[in-house]
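Please find below my note on the chain, set out as numbered points. The coordinates are shown ahead of the comments for reference.

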Amino acid sequence: MINHTNSWCSNIEELIEFILYTYLMTSLVKRVLYKKKVYTLATIVILLSLIDMAFIQGIWRLNTMAIVLQALFILSLICIYYYNLLEEAEEGLVLLKHPPFLVATGLLFYFLSKSVFMSCFSFMIYKNNYHFYILAATIPGLSNLLLNSLLIYAFLCFSKTKKSAALSQY
């Protein structure tokens, strides 16, 4: 803790998380022009987040505006992925065993809860609303649990399809 807060560390962690999840969601779509546009827009979001961190909300406070902007950007990438999946899906695709779909669904729930939670965070936390402290302990934990459960299931489905593909070669 520096200056009696660890918000600066959370701001940096959120920025790194945004970069990694943007790269993940962009890698699921194969169009090159789409990737260039997404990376350009992601760079703009990163610059806006840094401006928020440096000049608007400051380094020592949680940058909720930047976090909500990042969450909305990733939510739009998830919606674009779902649209492309519905457009290009094969006939026999089982979505509940398709790892990219499971990862995108976990991220969808995670970032939906994060955007709603962070939208009211600044207003509620600085008003010392006791009920919000309960929500602050519950909502992020549940969204992380759901995300990690879907990621684990996606990795299990991926390893099963990889093993069955290897066995079918023999």
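1. Read from the N terminus, the elements of the chain follow the order α-α-α-α-α. The chain thus holds 5 helices and 0 strands. The model is a predicted one, and the comments below should be read accordingly.

2. On confidence, the chain has a mean pLDDT of 86, and 91% of its residues reach 70 or more. Among the elements, helix α2 (residues 32-56) has the highest mean pLDDT, at 96, whereas helix α5 (residues 130-168) has the lowest, at 78.

3. As to overall dimensions, the C-alpha atoms fill a box of roughly 60 × 35 × 25 Å along the principal axes. The accessible surface of the chain is about 10900 Å², and carbon and sulfur atoms account for 71% of that surface. Of the 170 residues, 37% count as buried.

4. The contacts deserve a separate remark. When the count is restricted to contacts between residues at least 6 apart in sequence, 70% of them join residues at least 24 apart.

5. The largest nonpolar core comprises 30 residues. Those with the most contacts inside this core are Met25, Phe73, Ile78, Tyr81, Tyr82, Leu107 and Phe111. At least two residues of the core come from each of α1 (7-27), α2, α3 (64-88), α4 (99-125) and α5. The most is given by α3, which supplies 9 residues.

6. Leu107, one of the residues with the most contacts inside the largest core, may serve as an example. Setting aside residues up to four places away in sequence, Leu107 touches Tyr21, Leu24, Met25, Ile78 and Leu147.

7. A second core, separate from the one above, has 8 residues. Among them are Leu62, Ile67, Met118 and Phe132.

8. Which charged side chains does the chain carry, and how far apart do the centres of the positive and negative sets lie? There are 12 positive and 8 negative side chains, and the two centres are 4 Å apart.

9. Glu17 merits individual attention. This residue is located in helix α1. Is Glu17 buried or exposed? Its relative accessible area is 12%; because the cut-off for buried is under 20%, Glu17 counts as buried. Apart from neighbours within four places in sequence, Glu17 is in contact with Tyr110, Phe111 and Lys114. Of these partners, Phe111 is also listed among the residues with the most contacts inside the largest nonpolar core.

How values were computed: Residues numbered from 1 in each chain as written. Predicted model: local features only at pLDDT ≥ 70, side-chain atom pairs only at ≥ 80, totals over all residues. Heavy atoms only, no water. pLDDT = per-residue confidence, 0-100. Helix = DSSP H or I, 4+ residues; strand = E, 2+ residues; numbered from the N terminus. Buried < 20%, exposed > 50% of the residue type's maximum accessible area, 1.4 Å probe, protein only. Contact = heavy atoms within 4.5 Å. Areas by Shrake-Rupley, 256 points an atom, 1.4 Å probe, with all protein chains shown as cover. Lys, Arg positive; Asp, Glu negative; His and termini not counted. Charge placed at Lys NZ, Arg CZ, Asp CG, Glu CD. Core = buried A, V, L, I, M, F, W, Y, C linked by side-chain atoms within 4.5 Å.
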